[in-house]
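Here are some notes for a first reading of this model. They cover one helix and its surroundings, one pair of helices, and the aromatic rings.

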Amino acid sequence: MSALLRMVCLIDGEHYLPVTKSALNTLDSLEHIELVAAVFIGGTEKLRDATPESIGAKLGLKVYFEADHDKIPYDLIVKVAVHHQADVVMDLSDEPVVDYSKRFKIASLVLEKGILYEGPDFSFQPLDEPDILNKPSLKILGTGKRIGKTAVSAYAARLIHRENYNPCVVAMGRGGPEEPEIVRGDEIEITPQYLMEQSEKGVHAASDHWEDALMSRILTIGCRRCGGGMAGQVFITNMKQGALMANDVDADFVIMEGSGAAIPPIKTNRHIVLIGANQPIINIEKFFGPYRIRMADLAVITMCEEPMASLKKVERIEKFIKELNPEATVIPTVFRPKPLESVAGKRVLFATTAPDSVKDVLIQHLEEKHNCTVVGTTPYLSNRPLLQKDIEKYIDEVDVMLTELKAAAVDVATKDALEAGLEVVYCDNIPQVIRKEDDLDPAIIKVVDKAIADHQGK
């Protein structure tokens with residue numbers, strides 16, 4: 001940013017022009033502000049001569065507006081801000097011209113251009129994305145938590161590794177290490193006993209980078225973060241350090257993995273965005289759902305089955321994504337469990353973060369595809385007390401604790417199972433397409449190839 005903040009102001013005709021002029025004068029009097037233009041965004045109630053020339057002359061500022069005053073000129077706002085190389089768009093408008101929903105849409109479009117969007121009591125900042133990776137890269141982010149981000153990341157990492165691109169994963173989590181740590185999933189044997197040893201040392205051994213290392217058997221780098229803003233910014237993270245480490249490790253491609261709705265704060269060449277069909281539709285279509293969706297080269301819709309989402313809802317989400325981001329490939333999916341070791345012929349207690357409402361589907365899949373008997377399930381990997389109760393209920397009736405590597409999977413599920421003499425088997429979640437015409441693997445590789453081409457074209 002320059003020493004002076006170049007500012008474009010949004011104004012309306014619901015204010016008398018002398019009042020708007022007074023507000024502009026106040027901004028112009030600030031030494032760090034340079035007013036460069038205004039965009040008239042609607043309302044003519046208090047305007048006698050609603051022409052840009054007339055309004056501009058009275059305000060002493062270049063004013064842009066469109067003829068239709070009944071619609072917010074979203075494209076014009078962006079065009080003017082970019083043309084004038086604005087650092088900030090200041091909203092001096094108000095109801096009824098703009099409401100909360102319209103302001104979020106303005107914010108999404110402005111932030112996408114790396115420009116601040118501010119008003120009297122709010123400030124939305126674009127994502128900090130230092131350009132520090134010296135290898136081709138992609139970012140995996142999501143519109144919320146518990147929508148399968150780590151499962152898709154691990155799946156993508158395995159695929160990219162299998163296709164000989166030599167990837168590593170840099171993941172951030174709320175339980176990540178104080179200093180970024182490397183886990184050589186490609187070299188060490190990650191057994192339940194090994195993870196217990198890590199847990200006893202104070203390591204959060206179910207953190208995302210451990211899951212990636214276990215499921216994909218590649219090098220991963222674990223980072224931490226705290227806080228998550230509405231547009232995906234984190235309060236603190238050591239992911240920049242992790243990215244710098246990725247530059248030096250033996251890997252040729254970098255996957256930056258988000259956490260919840262928080263976005264990895266590192267510039268990458270391309271993006272895969274996950275959208276949970278189980279989420280409230282308003283969180284996808286409004287607020288900063290569109291901001292994330294517009295980043296996508298590949299949009300993977302997850303949880304596309306009853307009772308989490310109806311077919312009608314999935315179709316609505318897909319249509320919305322395609323209208324918002326026509327260049328993105330959109331693939332609806334469901335997840336199915338896959339034990340990392342054979343559980344054939346065994347009695348199983350299955351611990352998962354999937355909601356209890358889909359347990360019958362998962363049980364049927366495990367029993368039919370993996371020839372086991374699921375004696376009990378628990379959806380409480382994220383709730384230690386309830387998880388412990390379920391383990392106590394079934395532990396004498398089973399041979400195997402089959403668990404995802406999430407939350408309390410190590411310090412409760414693995415620990416209690418090993419102490420009871422049970423076998424512990426970890427379970428992956430595999431994204432599966434729901435339509436014959438879709439093929440997830442080539443779609444992922446296409447994003448990888450585009451990322452490599454972008455990097456080589458720098």
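**Notes on the predicted model**

1. F124 is buried, at a relative accessible area of 15%. The model is a predicted one. F122 also counts as buried, with 18% relative accessibility. The ring centres of F122 and F124 lie 5.9 Å apart with the planes at 40°, so this pair is tilted.

2. The whole structure contains 9 aromatic pairs. One of them joins F104 and F287 edge-to-face, with 5.3 Å from centre to centre and 90° between the planes. F104 belongs to helix α4 (residues 100–112), while F287 sits in the loop between α9 (281–285) and α10 (289–293), so the pair links parts of the chain 183 residues apart.

3. The two partners differ in exposure: F104 is buried at 14% relative accessible area, whereas F287 is partly exposed at 35%. A single aromatic cluster takes in F104, Y117, F122, F124, F287, F288 and Y291.

4. Helix α5 (residues 149–162) and helix α7 (residues 208–216) have axes that come within 9 Å and cross at roughly 40°. The two helices are therefore oblique to each other. The crossing of α5 past α7 is right-handed. On the α5 side the contact uses T150, S153, A154, A157 and R158, and on the α7 side D208, E211, D212, M215 and S216. By class, these are 3 nonpolar, 3 polar and 4 charged residues.

5. In helix α2 (residues 52–59), the buried residues are S54, I55, G56 and L59. They pack against β1 (5–11), α1 (17–28), β2 (33–40) and β3 (63–64). G60, just after α2, has a positive phi of about 70°.

Terms used:
Residues are numbered from 1 along each chain as its sequence is written. This is a predicted model: local features need pLDDT of at least 70, side-chain atom pairs count only at pLDDT 80 or more; totals for chains, interfaces and linings use all residues. Side-chain values use heavy atoms; hydrogens and water are left out. Buried means under 20% relative accessible area, exposed over 50%, partly exposed in between (1.4 Å probe, protein chains only). Helices (H or I, at least four residues) and strands (E, at least two) are DSSP runs, numbered from the N terminus. Contact means heavy atoms within 4.5 Å. Axes are lines fitted to C-alpha atoms, for helices over the stretch in contact, and angles run from 0 to 180 degrees between N-to-C directions. Angles under 35 degrees count as roughly parallel, over 145 as roughly antiparallel, 65 to 115 as roughly perpendicular and the rest as oblique. A crossing is left-handed if the near helix is turned anticlockwise from the far one by less than a right angle, and right-handed if clockwise. Ala, Val, Leu, Ile, Met, Phe, Trp, Tyr, Cys and Pro count as nonpolar, Asp, Glu, Lys and Arg as charged, and the others, Gly among them, as polar. Rings of Phe, Tyr and Trp (its six-membered ring) pair if their centres lie within 6.5 Å; planes under 30 degrees apart count as stacked, over 60 as edge-to-face and the rest as tilted.
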